[in-house]
Amino acid sequence: IPWNAIIPNISPLCADLLDNMLAFNPSKRYTVDQALNHPYFEDIRDPDIEVNADAIFSFDFEKWKLSKEIYQELFYNEICYFH
């Protein structure tokens with residue numbers, strides 16, 4: 001199915017980026033750096049001011065088994081921090 005059948009008015013650059021990021025074959029799929037260097041991002045990206053993380057991000061928090069009440073408290077604290 002072509003992208004413009006799913007996303008009307010999609011630009012050719014965007015369709016190309018999606019094709020490469022979502023390639024079924026992992027050896028043909030874009031890496032993060034390849035995706036970020038795609039012409040689609042040319043107008044919004046400035047590599048000179050970007051910062052790279054010093055370490056790989058840990059998703060260990062997704063393994064936590066927390067109660068509903070604890071999640072509510074964590075959400076509340078996060079909302080208070082930002083508002």
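1. The structure, which is a predicted model, holds 2 salt bridges. Each of the two is taken up below, together with the exposure of the residues that form it, before the note turns to the helices and to the chain as a whole.

2. One salt bridge joins the side chains of Arg45 and Glu50, with a distance of 2.8 Å from N to O. Arg45 is partly exposed, its relative accessible area being 22%, and Glu50 likewise counts as partly exposed, at 36% relative accessibility. Since buried means under 20% relative accessible area, the value of 22% places Arg45 among the partly exposed residues.

3. Another salt bridge is formed by Lys63 with Asp60, and here the closest N and O atoms are 3.8 Å apart. A salt bridge requires the nitrogen to be within 4 Å of the carboxyl oxygen, and the pair Lys63 and Asp60, at 3.8 Å, is counted on that basis. Lys63 is exposed, with a relative accessible area of 61%, whereas Asp60 counts as partly exposed at 45% relative accessibility.

4. As to secondary structure, the protein chain has 4 helices and 0 strands, and a reading along the sequence gives the pattern α-α-α-α. Helix α2 covers residues 12-21 and includes Pro12, helix α3 covers residues 32-36 and includes Leu36, and helix α4 covers residues 68-82 and includes Asn77.

5. Pro12, in helix α2, counts as exposed, with 71% relative accessibility. Although Pro12 and Tyr40 are 28 residues apart in sequence, their C-alpha atoms are 9.1 Å apart in space. Tyr40 also serves as a reference for Asn77, which is 37 residues from Tyr40 in sequence and 37 Å from it in space, again C-alpha to C-alpha. Asn77 itself, in helix α4, is partly exposed, with a relative accessible area of 41%.

6. Leu36, in helix α3, is partly exposed, with a relative accessible area of 34%. When residues up to four places away in sequence are left out of the count, Leu36 touches Phe41 and Arg45. Arg45 is thus a residue to look at twice, as it touches Leu36 and also meets Glu50 in a salt bridge. By contrast, the C-alpha atoms of Leu36 and Cys80, which are 44 residues apart along the chain, are separated by 33 Å.

7. For the overall dimensions, a reader may ask what radius of gyration the protein chain has beside that of a compact globule of 83 residues. The protein chain has 19 Å, while such a globule would have a value near 12 Å. The C-alpha trace spans about 45 × 35 × 30 Å along its principal axes.

8. Burial and contacts can be read beside these dimensions. Of the 83 residues of the protein chain, 11% count as buried. Among the contacts between residues at least 6 apart in sequence, 18% join residues that are at least 24 apart.

9. The accessible surface of the protein chain comes to about 7900 Å², and 59% of that surface belongs to carbon and sulfur atoms. With regard to charge, the protein chain has 6 positive and 14 negative side chains, and the centres of these two sets lie 13 Å apart.

Terms used
Residues are numbered from 1 along each chain as its sequence is written. This is a predicted model: local features need pLDDT of at least 70, side-chain atom pairs count only at pLDDT 80 or more; totals for chains, interfaces and linings use all residues. Side-chain values use heavy atoms; hydrogens and water are left out. Buried means under 20% relative accessible area, exposed over 50%, partly exposed in between (1.4 Å probe, protein chains only). Helices (H or I, at least four residues) and strands (E, at least two) are DSSP runs, numbered from the N terminus. The radius of gyration is taken over C-alpha atoms; the globule rule is 2.2 Å times the number of residues to the power 0.38. Contact means heavy atoms within 4.5 Å. Accessible areas come from the Shrake-Rupley method with a 1.4 Å probe; for residues, only the protein chains shown count as cover. Lys and Arg count as positive and Asp and Glu as negative; His and the chain ends are not counted. The place of a charge is taken as NZ of Lys, CZ of Arg, CG of Asp or CD of Glu.
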